[in-house]
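Please open the model in your viewer and keep the selection panel at hand. The tour below moves from one selection to the next and says what is found at each stop.

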Amino acid sequence: MQGIYTLAAEGEPTGGLLNMILPFALILLVFWLLFWRPNQKRRQQEQQMVSALVPGVEVMTKAGIFATVVEVHEQDVLLEISPGTRIRMLKAGVGEVITPAADDTPVEDRPDFGDDDKPNS
């Protein structure tokens with residue numbers, strides 16, 4: 001029996017503190033790369049967008065409402081959602097700034113171009 005205890009005592013040495021900490025460090029690294037870093041970038045982009053709000057800019061709120069910025073205050077903005085209808089919203093509620101797409105269609109070919117100059121038949 002004494003031989004069994006001797007063999008067990010002379011078994012492989014435990015890895016020590018480094019082998020215990022290494023898996024936890026790798027898990028923390030993966031979380032940082034997959035979750036925390038992208039969230040930081042997204043917050044920075046939102047902060048830049050909010051700081052660039054000026055009157056006259058068209059925005060879409062996080063609720064999906066399209067509006068034009070009328071006034072910018074420290075914590076909130078005044079938005080006009082239709083002529084004469086204004087709402088006050090926190091800056092954090094602004095989802096994105098809408099940049100109008102360039103329309104290369106000649107004015108004469110647009111559907112809203114008037115037919116006033118054409119003779120009636």
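## First stop: Glu80 and its partner

Begin by selecting Glu80, which counts as partly exposed at 26% relative accessibility; bear in mind throughout that this is a predicted model. Add Arg86 to the selection, and a salt bridge between Arg86 and Glu80 comes into view, with the closest N and O atoms 4.0 Å apart. Arg86 is likewise partly exposed, its relative accessible area being 47%.

## Second stop: Arg88 and Asp76

The count comes to two salt bridges, and the other one to select is that of Arg88 with Asp76, where the closest N and O atoms are 3.2 Å apart. Arg88 belongs to strand S4 and Asp76 to strand S3, so this pair ties together parts that are twelve residues apart in sequence. Is each partner buried or exposed? Arg88 counts as exposed, at 69% relative accessibility, whereas Asp76 is buried, with a relative accessible area of 12%. In general, side chains of opposite charge can pair when their charged atoms come close.

## Third stop: the sheet

Switch to a cartoon view and select the strands, which make up an open sheet of five, ordered S4-S3-S2-S1-S5 and paired in antiparallel fashion. At the edges stand strand S4 (85-90) and strand S5 (94-97), each of which has a single partner strand, so one side of each is left without a neighbour in the sheet. Looking along the sheet, expect a twist that averages 45° from one strand to the next.

Now restrict the selection to S3 and S4, which run antiparallel and are joined by six bridges. Within this pairing, Leu79 can be picked out opposite Ile87 of S4. As a general point, strands of a sheet pair through backbone hydrogen bonds, either parallel or antiparallel.

## Fourth stop: the nonpolar core

Which residues make up the largest nonpolar core? Select Met49, Val50, Leu53, Val57, Val59, Ala67, Val69, Val77, Leu79, Met89 and Val94, the eleven residues that form this core. At least two of its residues are supplied by each of H2, strand S2 (66-72) and strand S3 (76-82). In soluble globular proteins, nonpolar side chains tend to be buried together.

Centre the view on Met89 and display its surroundings: leaving aside neighbours within four places in sequence, Met89 is in contact with Thr61, Asp76, Val77, Leu79 and Val94. Among these contacts, Val77, Leu79 and Val94 are also members of the core, while Asp76 is the residue already met as the salt-bridge partner of Arg88.

## Last stop: the aromatic residues of the helix

Finally, turn to helix H2 (residues 17-51) and select Phe31 and Phe35, which both lie in this helix, four residues apart, about one turn of the helix. How many aromatic pairs does the structure hold? It holds two. In the pair of Phe31 and Phe35, the ring centres are 5.5 Å apart and the planes stand at 35°, so the pair is tilted. Both rings belong to partly exposed residues, Phe31 with a relative accessible area of 40% and Phe35 with one of 45%.

Phe31 also forms a tilted aromatic pair with Trp36, at 6.4 Å centre to centre and 35° between the planes. Trp36 is partly exposed, with a relative accessible area of 45%. Keep the three residues selected together to end the tour, since Phe31, Phe35 and Trp36 form one aromatic cluster.

Terms used:
Residues numbered from 1 in each chain as written. Predicted model: local features only at pLDDT ≥ 70, side-chain atom pairs only at ≥ 80, totals over all residues. Heavy atoms only, no water. Phe/Tyr/Trp six-rings, centres within 6.5 Å; stacked < 30°, edge-to-face > 60°. Buried < 20%, exposed > 50% of the residue type's maximum accessible area, 1.4 Å probe, protein only. Core = buried A, V, L, I, M, F, W, Y, C linked by side-chain atoms within 4.5 Å. Contact = heavy atoms within 4.5 Å. Pairing = 2+ DSSP bridges. Axes fitted to C-alpha atoms, helices over the stretch in contact; angles between N-to-C directions. Salt bridge = Lys/Arg side-chain N within 4 Å of Asp/Glu carboxyl O.
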